[in-house]
Amino acid sequence: MGFQIRVLMMVGMLICLASIVIAGSGTATFYTPPYVPSACYGNQNKGTVIAAANPSLYNNGAACGRRYRVKCTGGTNNGVPHPCTGSEVTVTIVDLCPGCGNNQLDLSKQVFSTIANPDAGRIRIDYTR
């Protein structure tokens, strides 16, 4: 019986580990149409609720199709003191942003406009997978 309990405990721990949410803080910029072709989907149109990942997050295409909930947390001292709208959006990674730094997402202009004032150009964000 002790063995069965240990196995059940290990299974429970694995389930908990599998449910860990990947979250981060960073910055976001935006890019404008056309959104195709993309590094992940070629000429397949995936809409406008999309983002391009920095090279580290993109991970040679492993991020393609992953969804992240993105929320503006503040400005980056670029002349727009309170850029956030209070909204959050769940985006799908469809592209690579080769010029993005670590912890940076490049959002479609439509997504950026939903969570922040586009005049800000760059914002601080939290993102959760």
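**Exercise 1. Find the residue in β6 that is the bridge partner of V70.**

Solution. In β6, V70 has Y127 as its bridge partner. The model is predicted: local features need pLDDT of at least 70, side-chain atom pairs count only at pLDDT 80 or more, and totals for chains, interfaces and linings use all residues. Residues are numbered from 1 along each chain as its sequence is written, and side-chain values use heavy atoms, with hydrogens and water left out.

**Exercise 2. Find the bridge partners of R69 in β6 and in β4, then describe the pairings of β3.**

Solution. Step one: in β6, R69 is bridged to T128. Step two: in β4, the partner of R69 is T90. Step three: turn to the strands. β3 (residues 67-75) pairs with β6 (residues 123-128) in the antiparallel sense, over six bridges. β3 also pairs with β4 (residues 88-96), again antiparallel, over five bridges. Two strands pair if DSSP finds at least two bridges between them. Strands of a sheet pair through backbone hydrogen bonds, either parallel or antiparallel.

**Exercise 3. List the elements of the protein, then give the strand order of the barrel.**

Solution. Step one: count. The protein has three helices and six strands. Both are DSSP runs, numbered from the N terminus: helices are H or I with at least four residues, strands are E with at least two. Step two: read from the N terminus. The elements run α-β-β-α-β-β-β-α-β. Step three: close the barrel. Six strands do this in the order β1-β5-β2-β4-β3-β6, with mixed pairing. From one strand to the next, the twist averages 45° (axes are lines fitted to C-alpha atoms, for helices over the stretch in contact; angles run from 0 to 180 degrees between N-to-C directions).

**Exercise 4. Place V49, and decide whether V49 is buried, partly exposed or exposed.**

Solution. Step one: V49 lies in the loop between β1 (23-31) and β2 (50-53). Step two: buried means under 20% relative accessible area, exposed over 50%, and partly exposed in between (1.4 Å probe, protein chains only). V49 counts as partly exposed because its relative accessibility is 40%. Step three: look for contacts, meaning heavy atoms within 4.5 Å. Leaving aside neighbours within four places in sequence, V49 is in contact with V89, T90, V91, T92 and V111. The C-alpha atoms of V49 and T92 are separated by 6.7 Å, though these residues are 43 apart along the chain.

**Exercise 5. State what share of the 129 residues is buried.**

Solution. Buried residues make up 35% of them.
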